[in-house]
Amino acid sequence: MKRVLESLNLNIVEMVDENATLDGGDVLFTGREFFVGLSRRTNQRGAEILADTFKDYAVSTVPVHDSLHLKSFCSMAGPNLIAIGSSEAAQKALKTMQQMSDHRYDKLTVPDDAAANCIYLNIPSKGHVLLHRAPEEYPESAKVFEKLKDHMLIPIAATELEKVDGSLTCCSVLINKASEL
């Protein structure tokens, strides 16, 4: 992965502190700030290094209990829209995020925590695009996504990924860079 990112001439920051852990699944960037889940895979030192790296953005930590990581139950579903699961743990984390932020985000609550892990893209020729879990996997959550009339919705089946603790955001690296092809 590092070689690919280097070939795109992207700035790469490596964590050299052996005591720091930071899992991408615990990092939620809203476009305004970072929320970092403190979980079995991410610790306070990892969050501190992220804050040192992105000094222009606020970085707030959110305790994660009963889930693998923060994005197991939330992600960005639009420029100001957080998709959040309905579980007690998800709602508690959302409350913590709301208390830590100066900004007020809209929320889209879905019945299934795993379905809250979606991928939002703003594609110039397409507008708001949302990749979300397929209706055959999470039918009630898919109905909630269908209410987003200003989004192009793309359902993705990820049952096999879920069996190994994978989700949509785990399998994605989004890069905002003009194409040079």
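Begin by selecting Thr 109, which has its place in strand β6 of this predicted model. Thr 109 counts as partly exposed, because its relative accessibility is 32% and that class lies between under 20% for buried and over 50% for exposed. Display next what surrounds the residue: beyond its neighbours within four places in sequence, Thr 109 is in contact with Ile 84, Gly 85, Ser 86, Gln 91 and Val 144. For a longer view, add Gly 25 to the selection. The C-alpha atoms of Thr 109 and Gly 25 are 19 Å apart in space, and the two residues are 84 apart in sequence.

**The sheet around β6**

Widen the selection to the sheet, an open one of 3 strands in the order β4-β5-β6, with mixed pairing. Strands β4 and β6 (106–110) are its edge strands, each pairing on one side only. From one strand to the next, the twist averages 35°.

Select β5 and β6 together. These strands pair in the parallel sense, over 5 bridges. To locate one pairing, pick Leu 81; its bridge partner in β6 is Asp 106. Now bring in helix α3 (residues 88–100), which packs on the sheet and touches β4, β5 and β6. The direction of α3 makes about 150° with that of β5.

Move to the other pairing, that of β4 with β5 (residues 81–85). Here the strands run antiparallel and are joined by 4 bridges. Ser 75 offers a point of reference, with Ala 83 as its bridge partner in β5. Follow the chain from β4 into β5: the two form a hairpin, with 2 residues between them. Is strand β4 buried or exposed? In β4 (residues 74–78), 5 of the 5 residues are buried, so the strand is largely enclosed by the rest of the structure.

**Asp 26**

Leave the sheet and select Asp 26, in the loop between α1 (2–7) and β1 (27–29). This residue is buried yet has no salt bridge. The nearest side chain of opposite charge is that of Arg 41, 6.8 Å away, whereas a salt bridge is counted within 4 Å. What does the side chain of Asp 26 make a polar contact with? The partner is the side chain of Ser 39, at 2.6 Å. To see the wider surroundings, show the residues in contact with Asp 26 beyond its neighbours within four places in sequence: Phe 35, Val 36, Gly 37, Ser 39, Arg 41, Thr 42, Val 64, His 69 and Leu 70.

**Two residues with positive phi**

Remain in the loop between α1 and β1 and select Asn 9, which is also found there. Asn 9 has a positive phi of about 60°, although it is not a glycine. Its relative accessible area is 64%, so Asn 9 is exposed.

For the last stop, go to Asp 66, in the loop between β3 (58–63) and β4. Asp 66 is not a glycine, but it has a positive phi of about 65°. Asp 66 is exposed, with a relative accessible area of 79%. From Asp 66, the tour can be retraced to β4, where 5 of the 5 residues are buried.

How values were computed
Residues numbered from 1 in each chain as written. Predicted model: local features only at pLDDT ≥ 70, side-chain atom pairs only at ≥ 80, totals over all residues. Heavy atoms only, no water. Buried < 20%, exposed > 50% of the residue type's maximum accessible area, 1.4 Å probe, protein only. Pairing = 2+ DSSP bridges. Axes fitted to C-alpha atoms, helices over the stretch in contact; angles between N-to-C directions. Contact = heavy atoms within 4.5 Å. Lys, Arg positive; Asp, Glu negative; His and termini not counted. Polar contact = N/O pair within 3.5 Å; in protein donor to acceptor, adjacent residues only side chain to side chain.
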